[in-house]
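This report covers a sheet, the helices on it and one residue within it. The sequence and the structure come first.

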Amino acid sequence: MGVKHGRDYGDILTDLTEAVGRIPDSYVFFEMESEDWSNLNDTEKNEVHEALAEDLFYALGTEPVISVGSGVVIHDQTNHRIHILIGEEELAFVALV
């Protein structure tokens, strides 16, 4: 189902792809090893991050907090945002409206 949004989905996906790319070990979400990740070129890494962003967008509609590697992705329904954090540090947020 995904999260409710007022912005264009393509724009949200672009921003979310960039945001999850800031999690240094985001590849762990897909059970990849660091060696496999390091063997990917930049285009392939971006494709993995885009797939991750799509998965998260839809999963956050039912599960408001999802762990991604050493980070966490949180759907903030009140402020219409998706927050990406590592520990207490916010790496990025994606506006949904």
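Two strands count as paired if DSSP finds at least two bridges between them. The model discussed here is predicted.

S1 and S2 form a hairpin in which two residues separate the strands. Gly69, in the turn, has a positive phi of about 55°. The two strands run antiparallel and are joined by four bridges. Val68 stands opposite Gly71 in S2. S1, residues 65–68, has two faces: Ile66 and Val68 are on the covered one, while Val65 and Ser67 are on the uncovered one.

The hairpin strands belong to an open sheet of four strands, in the order S1-S2-S3-S4 with antiparallel pairing. S1 and S4 (89–95) are at the edges with a single partner strand each, so one side of each has no neighbour in the sheet. On average, neighbouring strands of this sheet are turned by 20° against each other, direction ignored. Helix H1 packs on this sheet and touches S3 (81–86) and S4. Helix H3 lies across S1, S2 and S3.

The directions of the two helices relative to a strand are listed below.

| Helix | Residues | Strand | Angle |
|---|---|---|---|
| H1 | residues 9–20 | S4 | about 170° |
| H3 | residues 42–59 | S1 | about 160° |

Within S2 (residues 71–76) lies His75. Is His75 buried or exposed? Its relative accessibility is 12%, and a residue under 20% is classed as buried, so His75 counts as buried. Leaving out residues up to four places away in sequence, His75 touches Val3, Leu60, Pro64, Arg81 and Leu96.

How values were computed: Residues numbered from 1 in each chain as written. Predicted model: local features only at pLDDT ≥ 70, side-chain atom pairs only at ≥ 80, totals over all residues. Heavy atoms only, no water. Buried < 20%, exposed > 50% of the residue type's maximum accessible area, 1.4 Å probe, protein only. Contact = heavy atoms within 4.5 Å. Axes fitted to C-alpha atoms, helices over the stretch in contact; angles between N-to-C directions.
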